[in-house]
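The following exercises concern the backbone, the burial and the contacts of one protein. Each task is followed by a worked solution.

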Amino acid sequence: MKYKLLLGICSVLWLALAGPTLAEVRSFEMTIEEVEIEVAPGFKSKVWGFNGQVPGPLYHVNEGDEVEVTVHNFSTLNHTVHWHGIFQTGSWQHDGVPHVTRHPIEPGESHTYRFIADKPGSLWYHCHVNVSEHVGLRGMWGPLVVAPAAPTELEKAVTKDAILMFSGWNSQVADNYGEGGHPGQVINYFSINGKEHGGSMLVVEYEEIEKPEFYEWRNIEYEPDFYMIESMAAPKGQHSSEHFRGQDLLEF
Ligand SMILES: [Cu+2]
């Protein structure tokens, strides 16, 4: 009887250890910086870039990981980070809704968000202060990919992926932080991953897809990481990209 019980405990332990992934604590640092990005030829916009870039860095973690992100606000206004899609069970203080779950991060302050990556899938994160300006016009968004602990057969069959984040811009307020995002104002630029290459539309290209004669951009080269292609193949961690980084606004 005792032996059977011990065997039972051992197999439970074995199952726990032999799972596809073991949850880890993953700690990251992220800044909020005032930079300017060139959205389209001749059109620049001031943004609050996570790690100085638009989109913000890619977070790639495993389902069940304990994620800690210390955010340093080097900008002149308040911000938060909302981890969109995360359930925040037992960690509601880390949901990033200003003045509801916690006061925002003030200029010069830092705050550490802690949560369990309990929702698998392609998620995102964004500022939650004055969303129509900070998210709608100032590039405060980035991808959060949580790899499933038990992928389905279909998920296992996927070999490639591309992350595309869409945004609108308003050239009238592009130079003025704190303005924009009001009803009736016109959105006059559109972008994918912060760029409007080739007009307001942009085509996702894969090497193995043949490009027909009529296709106007068939010979245009894009930065390899422009679409954040194969982000699933990226190692677990935080991935910044020079390609998405803006120009510093501070002059010394
Ligand atoms: Cu913000």
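**Exercise 1.** Locate Gln88 and decide whether Gln88 is buried, partly exposed or exposed.

*Solution.* The model is a predicted one. Gln88 is found in the loop between strand E5 (82-84) and E6. Its phi is positive, about 55°, although Gln88 is not a glycine. For the burial class, the count of other C-beta atoms within 10 Å is needed, and 20 or more would make a residue buried, 12 or fewer exposed. Gln88 has 19 such atoms, so Gln88 is partly exposed.

**Exercise 2.** Carry out the analysis for Asn130: state its place, its phi and its burial class.

*Solution.* Asn130 is found in the loop between strand E7 (121-126) and helix H2 (131-134). Its phi is near 40°, a positive value in a residue other than glycine. Asn130 has 20 C-beta neighbours inside 10 Å and therefore counts as buried.

**Exercise 3.** Identify the geometry of the peptide bond from Val54 to Pro55 and the loop that holds Pro55.

*Solution.* The omega of this bond is near -5°, and the bond is cis. Pro55 lies in the loop between E2 and E3.

**Exercise 4.** Describe the surroundings of Ala117, beginning with its burial.

*Solution.* Ala117 lies in the loop between E6 and E7. Because Ala117 has 26 C-beta neighbours inside 10 Å, it counts as buried. Leaving aside residues up to four places away in sequence, Ala117 touches Val61, Asn62, Glu63, Gly64, Asp65, Val67, Ile86 and Val146. For Asp65, the separation is 52 residues in sequence, while the C-alpha to C-alpha distance is 5.4 Å.

**Exercise 5.** Which residues of the largest nonpolar core touch the most other members, and which elements give two or more residues to this core?

*Solution.* The core has 39 residues, and Val71, Val81, Trp83, Tyr113, Met140 and Leu144 touch the most other members. Two or more residues come from each of strand E1 (25-40), strand E2 (43-50), strand E3 (58-62), strand E4 (66-73), strand E6 (110-116) and strand E8 (141-147). E1 gives the most, with five residues. Tyr113 can be followed further: not counting residues up to four places away in sequence, Tyr113 touches Val69, Val71, Val81, Trp83, His94 and Gly96.

**Exercise 6.** Summarise the protein as a whole by its helices and strands, its burial and its contacts.

*Solution.* The protein has three helices and twelve strands. Of its 252 residues, 31% count as buried. Among contacts between residues at least 6 apart in sequence, 72% join residues at least 24 apart.

How values were computed
Residues are numbered from 1 along each chain as its sequence is written. This is a predicted model: local features need pLDDT of at least 70, side-chain atom pairs count only at pLDDT 80 or more; totals for chains, interfaces and linings use all residues. A nonpolar core is a set of buried Ala, Val, Leu, Ile, Met, Phe, Trp, Tyr and Cys residues joined through C-beta atoms within 7 Å. Helices (H or I, at least four residues) and strands (E, at least two) are DSSP runs, numbered from the N terminus. Two residues are in contact if their C-beta atoms, placed from the backbone, lie within 7 Å.
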